[in-house]
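Biologist: I have a model open and would like to learn how to read its ligand site. Could you walk me through it?

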Amino acid sequence: MNFDIARKKMVENQLIGRGIRDRRVIEAMLKIPRHLFVQEALAAQAYNDNPLPIGERQTISQPYMVALMTELLELKGKERVLEIGTGSGYQAAVLAVLADHVYTMERIRPLAMRARKVLDGLGLLNVNIKIDDGTCGWEQEAPFDAIVVTAGAPEIPEDLVKQLAPGGRLVVPVGDQFSQTLVRVLKHEDGSYAVEQSIGCRFVKLIGKHGWEAE
Ligand code: SAH
């Protein structure tokens, strides 16, 4: 299996073919070897048009969903970005090449540890990982220019809106446990904010104080 060819096809068919336009997002996803973020047995499926299991009953998101969420953040290169739900570390890696610094939070320790290893292996040293409930954000490092939540929330997490810098963007799937709508919050300079709706989606549950209860 030639991963470089599979990755190029993924970018052309699944991303460009479906309307992803941000050149920097496209370049980042051409660059990051997604197959390193899944278990070896699944590597040949890493560029398929679907999410994949990463253990602990969690998933790495479909490539298109990663691209769309990233595009909605409108990163130019100088931003401090917060991600909730490190999972495999793939989304964090994409963010790491597009922004100045990435802070990412994961509640399941073994996933965070594995993600750390892969990110270090790729030399992506501008990523900090914290094992904690991300629904309360990362107060010490706030404010953030962009925040992305990669798990489904019951409502827009207010603490995350608070930790957005003026002019910042927050992208979060909001809905019930079975289906959500991708929502973008744009914070104005005066602290008020606007909410925009993007496409329907299905993510694993955001579990925590301002999320769902653990099963
Ligand atoms: N962005 C990931 C996809 C992760 S799936 C990737 O690129 O692979 C969603 C992740 O969110 C899971 O790993 C889950 O454990 C984590 N999660 C759920 N609730 C969380 C919370 N409150 N704080 C931090 N992580 C959380």
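**Reading the ligand site**

Modeller: Let's start with one pair: the side chains of Gln 91 and Thr 70 are joined by a polar contact of 2.8 Å (N or O atoms within 3.5 Å; within protein, one must be able to donate a hydrogen and the other to accept it, and residues adjacent in sequence count only if both atoms are side-chain atoms). This is a predicted model, where local features need pLDDT of at least 70 and side-chain atom pairs pLDDT 80 or more, while totals for chains, interfaces and linings use all residues. Residues are numbered from 1 along each chain as its sequence is written, and side-chain values use heavy atoms, with hydrogens and water left out.

Biologist: Is Gln 91 buried or exposed?

Modeller: Buried means under 20% relative accessible area, exposed over 50%, and partly exposed in between (1.4 Å probe, protein chains only). Gln 91 has 6% relative accessibility, so Gln 91 counts as buried.

Biologist: Which polar contacts does the ligand make?

Modeller: Among them, an oxygen atom of the ligand lies 2.6 Å from a polar side-chain atom of Glu 106. On the backbone side, ligand nitrogen atoms lie 2.9 Å from an N or O atom of Gly 85 and 2.6 Å from a polar atom of Ile 207. Taken alone, the ligand exposes 580 Å², and the protein buries 99% of that (Shrake-Rupley areas, 1.4 Å probe).

Biologist: Which residues come nearest to the ligand?

Modeller: A residue is near if one of its heavy atoms lies within 4 Å. Of the 27 residues around the ligand, Glu 83, Ser 88, Glu 106, Gly 134 and Ile 207 come nearest.
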